Amino acid sequence: MVKQYQKESLTALVERDYQLALKKLVSADKLASPTKNNKLKAAIKIGSANVNYIIKNFQKAESEAAHAITLLSDLDEKSLLAQSYSLYGLIQTRLDNFRDAEESIQSANNIYVSLGDESGQAEMIFARGVLEERRGNFKNAINYFDAAVPLFQNVNLNYLEAYSHLNKANAYLYLDSGDPAQNLIESKKALETALKIIDTKPYANLIVQGHQIASMIAMRENNLELAQQEFQLYTAKNDSLNQVYIHAISTGVDENANVNDYETIIATQLNAINDQRRSINFGKMTTGLSIALIVILSLLTRSL
């Protein structure tokens, strides 16, 4: 029955039904917990960490990935351990724990190299790009994304290929070296390449990011009408997507809670939900102020 729950969770995740994906994993975890099958329990924790990472519930994702690493420490399950380290590294990157992120990514890569897993190695190149971008090392990030793209093409990892192009487009917007005009051209090219992939796929989060980057590019080009259109699409779709995430986080609270720890879990997860809402509002305010500022400056310029 545990395997069935895992399978149903994976199907729900593909269909972007994050609430159902978490429900099935919690059910699987409850059945597996009393057993001594650490491999099975670790696989469930990895699945839970992955879903929580996707819905931006990073604290829960962190604890699940760490638990998986602990469960696998005495087992010869290299592939699962590499997945755990990989996820843990990405989570730490999002939490700005860069040293832990780098160590985990390196640990995962070492295992993938020993296994001859080219797909895993490509994912670690991408992970390094995300880490460098988060650190503000945009040139290094671009180099990693450029290196990852052909590898993803070879193994048909369309999502990560598109994600690499989007991150590259974003990095070029913040790159402070080279010709600014050329950097903007490169950003547009990377975005266009990403959109060609995204337009044929149900990648909701990438679609949202695409509108955000398109709005920023339009602002750089002083195309205020297009910037506003893209920004409105971004905020509408981002709000909708974050509501899906928040409902999924709430579901995770309900499914995991029991008499002894219900209040603790609720408090922790509500903090995550509030962080989501604050992030949404701050993003709206920042981008809205940016557009307003450009409009004011444009009017002043014309008046002068």
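Is Tyr-159 buried, partly exposed or exposed? I looked this up first. Tyr-159 is partly exposed, at a relative accessible area of 28%. I keep in mind that this is a predicted model.

**Aromatic pairs**

I found nine aromatic pairs in the structure. In one of them, Tyr-159 meets Tyr-163 edge-to-face, with 5.7 Å centre to centre and 70 degrees between the planes. Both tyrosines sit in helix 9 (residues 158–174), four residues apart, or about one turn of the helix. I noted the general rule: an α-helix has 3.6 residues a turn, so residues three or four places apart point the same way.

I then checked Phe-231 and Tyr-234. Their ring centres are 6.5 Å apart and their planes stand at 40 degrees; the angle is neither under 30 nor over 60 degrees, so the pair is tilted. Helix 12 (residues 224–256) holds both, three residues apart. Phe-231 is buried at 13% relative accessibility. Tyr-234 is buried too, at 11%.

I also looked for a cluster. Tyr-159 and Tyr-163 join Phe-126, Phe-145, Phe-152 and Tyr-203 in one aromatic cluster.

**Helix 6**

I turned to helix 6, residues 98–115. Its 18 residues should span 26 Å at 1.5 Å a residue, and the end C-alpha atoms are 26 Å apart, which agrees. I listed its buried residues: Ala-101, Ser-104, Ile-105, Ala-108, Asn-109, Ile-111 and Tyr-112. Viewed down the axis of helix 6, they fall within an arc of 160 degrees, so they line one face of the helix. These buried residues pack against helix 5 (78–94) and helix 7 (118–135). Just after helix 6, I noted Gly-116 with a positive phi of about 70 degrees.

Technical notes:
Residues are numbered from 1 along each chain as its sequence is written. This is a predicted model: local features need pLDDT of at least 70, side-chain atom pairs count only at pLDDT 80 or more; totals for chains, interfaces and linings use all residues. Side-chain values use heavy atoms; hydrogens and water are left out. Helices (H or I, at least four residues) and strands (E, at least two) are DSSP runs, numbered from the N terminus. The expected span of a helix is 1.5 Å times one less than its number of residues. Buried means under 20% relative accessible area, exposed over 50%, partly exposed in between (1.4 Å probe, protein chains only). The arc is that of the directions from the helix axis to the C-beta atoms. Contact means heavy atoms within 4.5 Å. Rings of Phe, Tyr and Trp (its six-membered ring) pair if their centres lie within 6.5 Å; planes under 30 degrees apart count as stacked, over 60 as edge-to-face and the rest as tilted.
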